[in-house]
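Here's a walk through the model, from its confidence scores to its cores, its interface and a few residues worth a look. Keep the viewer open while you read.

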2 protein chains.
Amino acid sequence: MIEKTPEPPYYAVIFTSLKKDDSKAYAEMAEKMEKLAKEQPGYLGFESARQEIGISVSYWEDLESIKNWKENSEHLIAQELGKKEWYEKYSVRIAKVERDYHF
Amino acid sequence: MIEKTPEPPYYAVIFTSLKKDDSKAYAEMAEKMEKLAKEQPGYLGFESARQEIGISVSYWEDLESIKNWKENSEHLIAQELGKKEWYEKYSVRIAKVERDYHF
């Protein structure tokens, strides 16, 4: 789903990952985290696709919202499991959306 | 491929799209544009995945590089064909990467 986001500025967290493994546990955790993210203050949207690599982009009102989500206790557990079990490697980029346009 | 990008700040163009159609012409054009983008001044990297939606993120040194690429003549033709033939809808978000970390 392509998200409708408000007028810029807002923030994007670009998460690109290479997985080790395609476990059911991973799929369940990914779904759980997507639901949990939606409940956080400042959440604006989430877009995701995976082929060779996975790209997930979440949108947030401000840096404070991103920090709070990063430090969410259930999310911290998911992050640890991600490093130990699921991801070969990943990158996280925090970016301020300055302009957008839609077709 | 997960790209190695330099220390922030740099820019990301987040392109999310929903396709109408999975033509060979589209695949050829996408490949051509990816190659052409790599040759542009200020290009830093490109990451892409498609499932229900496609997400492509290209990385650039500055806004000037992004503007020049947007106005590249071959790229303009691709953009027109994209609107006419290939995309149901899309969003483009131009964002300044302020922080990143890698695992």
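## Elements and confidence

Helices and strands here are DSSP runs, numbered from the N terminus, with at least four residues for a helix and at least two for a strand. With that numbering, Asn72(A) sits in the loop between helix 2 and helix 3 (73-86) of chain A.

Bear in mind that this is a predicted model. Chain A averages a pLDDT of 95, and 100% of the residues score at least 70. For the model as a whole, the scores are ipTM 0.94 and pTM 0.95.

## The nonpolar cores

Let's start inside. The largest nonpolar core has 24 residues, and Val57(A) and Val57(B) are the ones with the most contacts inside it. Chain A gives two or more residues to this core from each of strand 1 (10-19), strand 2 (43-50), strand 3 (54-60) and strand 4 (87-102), and chain B does so from its own strand 1 (10-19), strand 2 (43-50), strand 3 (54-60) and strand 4 (87-102). Apart from that core lies another one, of 19 residues, including Phe15(B), Tyr43(B), Phe46(B) and Tyr90(B). As a rule of thumb, nonpolar side chains in soluble globular proteins tend to be buried together.

What does Val57(A) touch, leaving out residues up to four places away in sequence? Within chain A, the list holds Ala12(A), Val13(A), Ile14(A), Gly45(A), Phe46(A) and Glu47(A). From chain B, Val57(A) touches Ile14(B) and Ile55(B).

## Where the chains meet

Now for the interface: 40 residues of chain A are in contact with 40 residues of chain B. Between them the two chains bury about 3800 Å², 58% of it on carbon and sulfur atoms. On the chain A side, Ile2(A), Arg93(A) and Phe103(A) lose the most area to chain B, together 22% of what that side buries.

There's polar chemistry here too, with 22 residue pairs in polar contact between chain A and chain B. Which elements of chain A supply at least two residues each to the side that touches chain B? They are strand 1, strand 2, strand 3, helix 2 (63-70) and strand 4. Strand 4 of chain A gives the most, with 16 residues.

## Salt bridges

Over all chains the count comes to 12 salt bridges, and two salt bridges are found across the interface of chain A and chain B. Arg93(A) forms a salt bridge with Glu47(B), the closest N and O atoms being 3.5 Å apart. That pair crosses between chains, from strand 4 of chain A to strand 2 of chain B. Are its partners buried or exposed? Arg93(A) is buried because its relative accessible area, 0%, is under 20%. Glu47(B) is buried as well, with a relative accessible area of 0%.

Within chain B, Lys32(B) pairs with Glu74(B), with the closest N and O atoms 3.6 Å apart. Lys32(B) lies in helix 1 (residues 24-38) and Glu74(B) in helix 3 (residues 73-86) of chain B, so the pair ties together parts that are 42 residues apart in sequence. Lys32(B) is partly exposed at 44%, and Glu74(B) is partly exposed at 36%. Glu71(B) and Lys67(B) also meet in a salt bridge, at 3.7 Å from N to O. Glu71(B) is partly exposed at 47% relative accessibility, and Lys67(B) is partly exposed at 46%.

## Residues worth a click

Two strand 4 residues reach across to the other chain's residues. Ser91(A), in strand 4 of chain A, is buried at 3% relative accessible area, and its side chain makes a polar contact with the side chain of His102(B) at 2.6 Å. Among the other residues in contact with Ser91(A) are Phe15(A), Ile2(B) and Tyr101(B). Val97(B), in strand 4 of chain B, is buried at 0%; Val97(B) touches residues including Arg93(A), Ile94(A), Ala95(A) and Pro9(B).

Over in helix 1 (residues 24-38) of chain A is Met29(A), buried at 15%. Met29(A) touches Ala78(A), Leu81(A) and Trp86(A), neighbours in sequence aside. Met29(A) and Leu81(A) are 52 residues apart in sequence and 9.5 Å apart in space, C-alpha to C-alpha. Back in its loop, Asn72(A) is buried because its relative accessible area, 16%, is under 20%. Beyond four places in sequence, Asn72(A) is in contact with Leu36(A) and Gln40(A).

Technical notes: Residues are numbered from 1 along each chain as its sequence is written. Chains are lettered from A and ligands numbered from 1 in the order in which they are written. This is a predicted model: local features need pLDDT of at least 70, side-chain atom pairs count only at pLDDT 80 or more; totals for chains, interfaces and linings use all residues. Side-chain values use heavy atoms; hydrogens and water are left out. pLDDT is the predictor's confidence in each residue, from 0 to 100. A nonpolar core is a set of buried Ala, Val, Leu, Ile, Met, Phe, Trp, Tyr and Cys residues joined through side-chain atoms within 4.5 Å. Buried means under 20% relative accessible area, exposed over 50%, partly exposed in between (1.4 Å probe, protein chains only). Contact means heavy atoms within 4.5 Å. Buried area is the accessible area (1.4 Å probe) that two parts lose on being put together, summed over both. A salt bridge is a side-chain nitrogen of Lys or Arg within 4 Å of a carboxyl oxygen of Asp or Glu. A polar contact is a pair of N or O atoms within 3.5 Å; within protein, one must be able to donate a hydrogen and the other to accept it, and residues adjacent in sequence count only if both atoms are side-chain atoms.
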